[in-house]
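Hi everyone, thanks for coming. Today I'd like to walk you through some pockets, so have a look at the screen.

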Amino acid sequence: MPEEQGTVQQPSSGLPQGLILLWAFLLVVWLVINSSVAPPIVAVGALVSLVVAWIFVRRGDVWRIRVTPATVVHFIAYTGVFFVELVKANISMLGYVYSPRIDIRPGIVKVRMPLKSPIGRLALANSIALTPGSLVMDIRGDALFIHWLDVKSTDPEEATRMIIGPFEKHLEAVFG
């Protein structure tokens, strides 16, 4: 019988890759929070993480992420870029805090949101919000409205390049 066009066929391997990815992530978070790798803690963490991951994966398509060697490489690169940007933002904040005269121009800028997947958008918004000096205030369509502690440009394209530029390439490769 011919398949209908437009239907998505599930992989025959059983578990979606997103389930394994989310389970591993939640388990690592559990172990970090508990600061222990004692067998009972690992066992409870593995079970709780699996149940939570199963619930999230079953309730929507957000965690259906295709894991390939290229996406793993880009995710590792994104993690490195995020830490570099985090250090740069913290050093910048140190300059503001210890400066005898604070010379800043706070404001809200509109930047372009290049990512389409909900999890990619979440990762980008969190990356921006976690770096000191910027905070995502709103998402409307393909635009992010960001409160920027020291506005360096009000041009949306230039602001997009400055704020989102470091993260865009790698997040697009991982999440689409």
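Here's something to chew on: by class, how many nonpolar, polar and charged residues does the lining of the second largest pocket have? Before I answer, please keep in mind that this is a predicted model.

Okay, the answer: eleven nonpolar, four polar and four charged residues. That pocket holds about 440 Å³ of space. Its lining has 19 residues, and if you want to find the centre, look for Glu85, Ala89, Pro132, Trp148 and Met162, which lie nearest to it. As for helices and the like, α3, α5 (156–163) and α6 each put in at least two lining residues. The top contributor there is α3, with six residues.

Now let's move on to the largest pocket. This one has about 760 Å³ of space. Around it sit 24 lining residues, and the ones nearest the centre are Phe25, Phe75, Tyr78, Ala123 and Phe175. Two or more lining residues come from each of α1 (17–34), α3 (69–98), α4 (118–130) and α6 (165–175).

Which element gives the largest share of this lining? It's α3, with eight residues. You've heard that name already, since α3 also gives the most to the lining of the second largest pocket.

And what is the lining of the largest pocket like by class? We get 19 nonpolar residues, four polar ones and one charged. Put that beside the second largest pocket, with its eleven nonpolar, four polar and four charged residues.

That's it from me. Over to you!

Key
Residues numbered from 1 in each chain as written. Predicted model: local features only at pLDDT ≥ 70, side-chain atom pairs only at ≥ 80, totals over all residues. Heavy atoms only, no water. 1 Å grid on protein atoms, 1.4 Å probe; cavity = no way out; pocket = protein on both sides within 12 Å on 5 of 7 lines; lining within 4 Å. Points joined across faces, edges and corners; volume = space filled by probe spheres on them. Helix = DSSP H or I, 4+ residues; strand = E, 2+ residues; numbered from the N terminus. Nonpolar A, V, L, I, M, F, W, Y, C, P; charged D, E, K, R; others polar.
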